[in-house]
Every structure is written in structure tokens, then in C-alpha cells.
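Trainee: Hi! Could we go through this one together, starting with the charged pairs?
Mentor: Happy to, here it is.

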Amino acid sequence: MTRAAAPPRPPEPDGPRQVSKFEFNLLRILRFMVGHFPADQGMQLVRATVTRPECLSAGAVDLVKDTLAKACVLFLVKQGAWRNDKYLREGNPVQGRVWDRVPLDERSLTFSRPVLEFLQWATAEKVNDTKAPWDAAPKGLTPADEFFFWLAFDATRADPDLLNALRRKDAFRTNPLCWVTCPGDMIDGDDATPPDFAPLFEGQRAVILECLQPHLTHRWVRSERMKGQIGDWKRMRQQGRAEFAALQAFLKAAHAAKRTDLARFVLKTNAALFTSELTPVFWTGGLQGSGPPRLADRLDTQRAALAVPRQMEVLEVWQREALNVGYFDEGYQASQMWKADWEAASGTRTAARAHAAVEMLEPLRGPVNSGQSATGGGQQSPEAPADSPG
Amino acid sequence: MSRAYRITVKESDTRHLKAGDEICTQLEILEILPPEDMATLLKEELKKRGFEEQGDGTMLRKDGELTVKVDPCSGEVTVKAETEETVSQEAKREATGFNDVGPSEKSLRDRVKDQLKTDLDKKFEQEQSRLQGKATEQLEKHLSDLQPEISEVVNQVTRDALKQKAQQMGTVKEISEDAESGSLTIKVEV
């Protein structure tokens, strides 16, 4: 693979640049959103108002560009781009670090106007309490813009007010990266309608997703382990439903795009969870009280809690399909790679354990009173596994 | 001179309350024969156990207030508990008024009536939750009774399917079944 030459670096200024108070705040907010500034101070700045100047100085704009360019690339490199990994390119596996696998022009991040507009808005207004309109049309966003908005959303979502304000905006509401990382935070009620994930498997978005694979695995494993501490039935149901809908849509789009390698994090998350046999108590052990009066609602909540293990059913279908691809068939290389991933994650054992955990919730299955029956509350602990948080 | 008076208002209401609960799950039918043959076997087995075929091809059995519905094609089982009751509730409130100060008798009466309406709604809500609890309890009890039967149905269908499959493979020489262990041995001459 040929590498394009790196673009020329702009000349460095003689000394520190002079910026106004507004610009100073804007730069600190930007640094907070890309993870280079303390979260508590960053949150305070986002929640504060500052009078907005008519325009930004050239020096401040340069600093914004510089921060975006360096911080976003650094984030991607740290999260997984540095790894000597194997991903599909035009149906064939290609090994190497991201800069070895992907030509420079395909991985150059281009940020557009909505990013700067958002930063100005977030600096000038109280994001959680403002009537000043700001939003960005999702169709006009570049892959780098979407990536930045995801970073911004991820940085601010710990604050419920900010989360509530931002998730209503199209720039975040329809951002596939937000949905694939924290679907539970993207919804208000029970209705979970994920966006179209198809664009995520094309061009630069797919490259970003490749870089984020280890990060996604880590996040999902952590999220699954924390489910055992959720006490509220309604919250569990909403989060689980959103996760199920998002992952189903994601896997469907990955399969349609023939990029099953980009769903590796789903397989690895399950493999990390099912290193031993688990019962549903691992997920539902923290639920308080006996739950909703209707058995249907209790069962629905418990099923929703196991949204991630339930995805193994789809991955098993992929594995069966991969096994049937012959040497002269189209997609042979891709299927070989999937089988290698499946093998590395002990897919068959993981799928069997995931299936067993999901089955334990189902009524009318197996011997009477085995496992955790759906008829009981979240407190039941039939045979607590070693790694059960409950 | 100010004179006090007491108003007593009684309200009663009768409502028809309904409550229901249901679970839906999937039978684990092994694909020993083609799906349509497995569905036929399941249908036959369910018929023996009192299920009736409906217009849409599903099998239905009513056990009192409970309904068990099985879709032989997809293996989907729905168990539904429904209960209804006609409930009468009565509420009574008293209020004191004065003929010279405060609200007039009419407005006092209206206010008490509004309060009584709220009281009645609360009482009906309590009745509704009681009825809901009853339906859920019935469903839970029925599920534990139904589970062994459903397991038997699945086992029987699997056994029948295996026998048919064996016949398709060759001449069946011997079939031995052990009811205790649930094992089935079929010797086939191919």
C-alpha cells in the first residue's frame, strides 16, 4: 500500500497567542470535550453564559483547528488505531496499524462549520437552559464532525440536564456513534428508534469504527457489568430496549455492508462476559422490589436486561453462513476472517453460555423451578455465579 | 346570627373492571423433519391434549380464565390470564358550612362531590390493582402447572419426529423406549 506524503505543517507562532475571554472559554470547552481538560471544570463552563463576540480572532480559530486535529487523531490512535490489527478492505483482510492499512486521503479528518458553531453556542449559552437555537443538519456533517459530536456528547452525558438538552438535537439524536456507544442515553421513553447505521460502514466512518473497536468492547463490557447495579425496573427496561434495538440495527447494517469485522466488539464483549457460566442475576440482581405488577412487564424488563447476550443469536447465524462459504465462493476471505475471530473469542462456547443465560429467563422451558424464573423479582438468586455482582 | 349546618353527601358507582396478564415464549422444537411436518406433529399432539384449531391455524385451549395459544408453525406459545368483575363502590363525606360566611351550600356540595369522585376513583384504582394481582397470580400458578405438560408435548413431538425420520431412512427393526430415563433407541436397517 502506498502512503501519501504528510501535509506541510503551518509555521509555529513566536509566542503564546492572545485570545479573548470568550475564546479562552471556548478553547477550554473544546479541550474538555476531547478529554484534555478536567470534566468538572468543563461542565461548569458549558453550564455558564458568556457574551458572544461578533467573530472569533484568527489566532483562536487556528488554535481550535490545531486542537481538533491533534486531539481527535490522538484519541483514535490511543483507542485502537495503533494496533496491528486485521480488517476488511474491499472484501479482503488487510493487516497493519491504521496508517499502514488506510491511505492518508481516506483517513484525513475534515471538520466543517457546524463544529465551530456548536462550540460557540456551547460557550455563549447555558446548554441545559437556553432558548437560543442551535442544531446541525445530520446530512451535512462530515465523518469527522460526527466523531467530534460523539466525543462532545460522551463528555457531557454524565450531567442529566446536559444530556437531556443535547440528545434532542439532530446532531446527536441521529449520530450512529452515539447510538452504538450509549444507546440507553439516547432515549427519553420506551420508544427506541436507532438511526440508519449503513453510512457507518462506508469510507472514513468505517475507518473510525475500526479504530474504536477496542474502545467499544471496553465500554460495552463495563456497561454490562454495571447493569447488575441498576435498581430501577423502568430504567433497566428502557436501557435494555434501546441497547437491543441499536445492536440489532447495527448488526443488520454490518451484515448488509459485508463488514462483519466491524461487529467484532459485540463478539468480544460477549466473550469477555461469558468466561464462565452466568445466570440472569448477573444483569438483574440489582433490581429493587418485586417490580411491575404484571408478569409480562417483569419478563419484558428481564429480557431487555440481557440485550447483549441475545445478540449472539445473530452472530451464530453469521458463523453458520461463514462455514458454508466455499473456497471459490465470493467472500471466502471475509468468511475465513470471521471464523478466525469467532475461534479467537471461543464463539461456540460463548454462544452456548449466552443462550443458556437467555433461556433461563424464558417461562415454560426446562425443569420446574430451574434457574431464575421470570415470575420472580430481581432479588432471586438461584445459583449465584462467581462473578455475579448481585 | 351565624348558623352552622352539616352536609352529608353519598356517591356510589358501579364499574366493570378488567385485568389481564400474558406471557409469550417460544417452544424449542428440534428441526428433525421439515418445519411443516414438525408443525403437523405438534398440532396432533396438542389436539390430543384438548387444544382446538382456530381459523388462523393456531391451537387454543381455555383453562377457566386462562387461555393457552400455540402457533404450531412458529412454536410461539402465549399464555393469557384475563379476569373481570363488576365492582360497586360507595363513598361518603361530610362538610360543615355557615349560612352567613364561607361558601354557599351549592358550592360546598359541589366541592364535596368532587372530592367524593376522587375518593371513588382511588377505590376503583385499588380494586383494579387487586384484580391485576389476581390475574398475575393465576398466570404464575398456571405456568408452573403448564410447564411439565409443555415439556411432555415437546418430548413427544421429538420422539414422533425421530420415528418418522427413522422410517424415512430405512426399515425400522426395533424401537425401545425407556419412560424413566426418556431415552429412545431406534434400530434401522438401511
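Mentor: First the term: a salt bridge is a side-chain nitrogen of Lys or Arg within 4 Å of a carboxyl oxygen of Asp or Glu. Keep in mind that this is a predicted model.
Trainee: Okay, what do the side chains of Arg173(A) and Asp170(A) do?
Mentor: They meet in a salt bridge, at 2.4 Å from N to O.
Trainee: And where do Arg173(A) and Asp170(A) lie?
Mentor: Both are in helix H9 of chain A, residues 170–173. The two are three residues apart, about one turn of the helix.
Trainee: How many salt bridges are there over all chains?
Mentor: A search of the whole structure gives 48.
Trainee: How many does the rule find across the interface of chain A and chain B?
Mentor: Two. For one pair, the side chains of Arg294(A) and Asp21(B) come together in a salt bridge with an N to O distance of 4.0 Å.
Trainee: What about polar contacts between chain A and chain B, how many residue pairs?
Mentor: Eight, counting pairs with both residues at pLDDT 80 or more.
Trainee: Which helices of chain A supply at least two residues each to the side that touches chain B?
Mentor: Helix H16 (295–305) and helix H19 (347–361). H16(A) gives the largest share of that side, five residues.
Trainee: How does that side of chain A divide by class?
Mentor: Into eight nonpolar, four polar and six charged residues.
Trainee: How many residues does each chain bring to the contact?
Mentor: Chain A brings 18 and chain B brings 21.
Trainee: And what area is buried between the two chains?
Mentor: About 1500 Å², with carbon and sulfur atoms giving 56% of it. On the chain A side, Leu295(A), Leu364(A) and Arg365(A) lose the most area to chain B, together 44% of what that side buries.
Trainee: Switching topic: how do the axes of H7 and H11 in chain A cross?
Mentor: Helix H7 (residues 143–156) and helix H11 (residues 203–211) have axes that come within 9 Å and cross at roughly 40°. H7(A) and H11(A) are therefore oblique to each other.
Trainee: Which residues meet there?
Mentor: From H7(A), Pro143(A), Ala144(A), Glu146(A) and Phe147(A); from H11(A), Gln204(A), Arg205(A) and Ile208(A). By class, that contact has four nonpolar, one polar and two charged residues.
Trainee: Great, thanks!

Terms used. Residues are numbered from 1 along each chain as its sequence is written. Chains are lettered from A and ligands numbered from 1 in the order in which they are written. This is a predicted model: local features need pLDDT of at least 70, side-chain atom pairs count only at pLDDT 80 or more; totals for chains, interfaces and linings use all residues. Side-chain values use heavy atoms; hydrogens and water are left out. Axes are lines fitted to C-alpha atoms, for helices over the stretch in contact, and angles run from 0 to 180 degrees between N-to-C directions. Helices (H or I, at least four residues) and strands (E, at least two) are DSSP runs, numbered from the N terminus. Angles under 35 degrees count as roughly parallel, over 145 as roughly antiparallel, 65 to 115 as roughly perpendicular and the rest as oblique. Contact means heavy atoms within 4.5 Å. Ala, Val, Leu, Ile, Met, Phe, Trp, Tyr, Cys and Pro count as nonpolar, Asp, Glu, Lys and Arg as charged, and the others, Gly among them, as polar. Buried area is the accessible area (1.4 Å probe) that two parts lose on being put together, summed over both. A polar contact is a pair of N or O atoms within 3.5 Å; within protein, one must be able to donate a hydrogen and the other to accept it, and residues adjacent in sequence count only if both atoms are side-chain atoms.
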